[in-house]
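Student: Could you walk me through how to read a protein model with its ligand? I would like the general idea each time, and then the case at hand.

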Amino acid sequence: MTPRVTVPELGRMKREGRRIVCVTAYDYTFARLFEQAGVEILLVGDSLGMVILGHETTLPVTLDQMIHHTTAVVRGAARALVVCDMPFGVCHGPGHVVMDAAVRVLKESGCHAVKLEGGVRMVETIRFLADHHIPVMAHVGLTPQSVHAFGGFKVQGRGESADRVLEDALAVERAGAFAVILEGIPSALAQTISAQLTIPSIGIGAGPACDGQVLVGYDLLGLFDGVRPRFVKRYLEGGQGIVEAVGRFVDEVRSGAFPGPEHGFAA
Ligand code: KIV
């Protein structure tokens, strides 16, 4: 059997110039399918608040919900590294409080790492977790949990604020993060950051120079019609396919074509 992707393996991939592929997953079935397709990282993103639970932002998501979904993803992942997003508010307390939450996540779900949003302001927390051997993926740039402070899901790091995003990325590396998501920043800035980091950068809306890419699974499959950022590429019109398939079922039930004789049981 192919061995599990590990944190050190991701570092090796960056050093050897092998691109890392990450997709968000929220349940057992999609985890299995994405893993069969070859992804290295399954991220249980708090985007589940929007694409699964129908909220307008990721802010309402709770730790219990994250653990519930991560547990299902872990059951479907034999090979991928599974990362659980820490939801809004959970990482704002002192290190030991965040540690308790992260320990719950790892113990109850069986996942391999946590992700948290924020750069310089999260350095102490990242260091605390990393010192206690909890692998941390950081997330800087357009951090969705800051949507209200940013005044919307807006590109970050343009003009003078580029230095701030660069400093955030360097700070999380120094604090011990094993990888960093760069979201919604100019491609040239992501290139500069990726060249300066020794840990892998995983981009989303950050151009082609990152060490890997992540997309929300429901976006790349064309299942989610809520927020549709320009950086999303749809590899399937899955939503349309589902409407058509279920529509055929509706028609056949109404016409009596389903169930046919082959779907029934003999006496
Ligand atoms: O919550 C999420 O899905 C994420 C990815 C978009 C990086 O944070």
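Tutor: Gladly; we will go from the overall fold to the ligand and then to single residues, keeping in mind that this is a predicted model.

Student: Let's begin with the fold. How many helices and strands does the protein chain have?

Tutor: The protein chain has 11 helices and eight strands. Its radius of gyration is 20 Å, close to the 18 Å that the globule rule gives for 267 residues, so the chain is as compact as a globular protein of that length. Along its principal axes, the C-alpha trace spans about 70 × 40 × 35 Å.

Student: What share of the residues is buried, and what does the exposed surface consist of?

Tutor: A residue counts as buried when its relative accessible area is under 20%. Of the 267 residues in the protein chain, 51% are buried. The chain exposes about 13,200 Å², and carbon and sulfur atoms supply 56% of that area.

Student: And how do I read contacts between parts of the chain that are separated in sequence?

Tutor: Take the contacts with a separation of 6 or more, and ask what share comes from residues 24 or more positions apart. In this protein chain that share is 58%.

Student: Now the ligand. Which residues surround it?

Tutor: The ligand is surrounded by T24, L43, G45, D46, S47, D85, K115, H139, I181, I204 and V216. Sorted by character, this shell divides into four nonpolar, four polar and three charged residues.

Student: Which side chains place a polar atom by an oxygen atom of the ligand?

Tutor: For a polar contact, look for a pair of N or O atoms within 3.5 Å. S47 has a polar side-chain atom 2.5 Å from a ligand oxygen. For D85, a polar side-chain atom lies 3.2 Å from an oxygen atom of the ligand, and for K115 the distance from such an atom to a ligand oxygen is 3.2 Å. As for enclosure, the ligand taken alone exposes 260 Å², and the protein buries 97% of that.

Student: Let's turn to single residues. Is F178 buried or exposed, and where is it found?

Tutor: F178 is found in the loop between α8 (162-175) and β6 (179-183). Its relative accessible area is 8%, so F178 is buried. Leaving aside neighbours within four places in sequence, F178 is in contact with V7, L10, L81, A113, P135, V136, M137, I199 and P200. F178 also shows how sequence and space can part ways: F178 and G11 are 167 residues apart in sequence, while their C-alpha atoms are 7.6 Å apart.

Student: Are V243 and T6 buried, partly exposed or exposed?

Tutor: V243, which lies in helix α11, has a relative accessible area of 57% and is therefore exposed. The C-alpha atoms of V243 and I126 are separated by 43 Å, with their positions 117 residues apart along the chain. T6 lies in the segment before α1 (7-15) and, at 33% relative accessibility, counts as partly exposed. T6 and H112 are 106 residues apart along the chain, and their C-alpha atoms are separated by 8.5 Å.

Student: What should I look for in the backbone?

Tutor: Most residues other than glycine have a negative phi, and most peptide bonds are trans. Departures from that pattern deserve a look.

Student: Which residue has a positive phi although it is not a glycine, and which residues does a cis peptide bond join?

Tutor: H133 has the positive phi, about 60°. H133 lies in the loop between α6 (123-131) and β5 (136-141) and is exposed, with a relative accessible area of 70%. The cis peptide bond joins F258 and P259, with omega about 0°; P259 is found in the segment after α11 (238-255).

Terms used: Residues are numbered from 1 along each chain as its sequence is written. This is a predicted model: local features need pLDDT of at least 70, side-chain atom pairs count only at pLDDT 80 or more; totals for chains, interfaces and linings use all residues. Side-chain values use heavy atoms; hydrogens and water are left out. A residue is near a molecule or strand if one of its heavy atoms lies within 4 Å of it. A polar contact is a pair of N or O atoms within 3.5 Å; within protein, one must be able to donate a hydrogen and the other to accept it, and residues adjacent in sequence count only if both atoms are side-chain atoms. Accessible areas come from the Shrake-Rupley method with a 1.4 Å probe; for residues, only the protein chains shown count as cover. Ala, Val, Leu, Ile, Met, Phe, Trp, Tyr, Cys and Pro count as nonpolar, Asp, Glu, Lys and Arg as charged, and the others, Gly among them, as polar. Helices (H or I, at least four residues) and strands (E, at least two) are DSSP runs, numbered from the N terminus. The radius of gyration is taken over C-alpha atoms; the globule rule is 2.2 Å times the number of residues to the power 0.38. Buried means under 20% relative accessible area, exposed over 50%, partly exposed in between (1.4 Å probe, protein chains only). Contact means heavy atoms within 4.5 Å.
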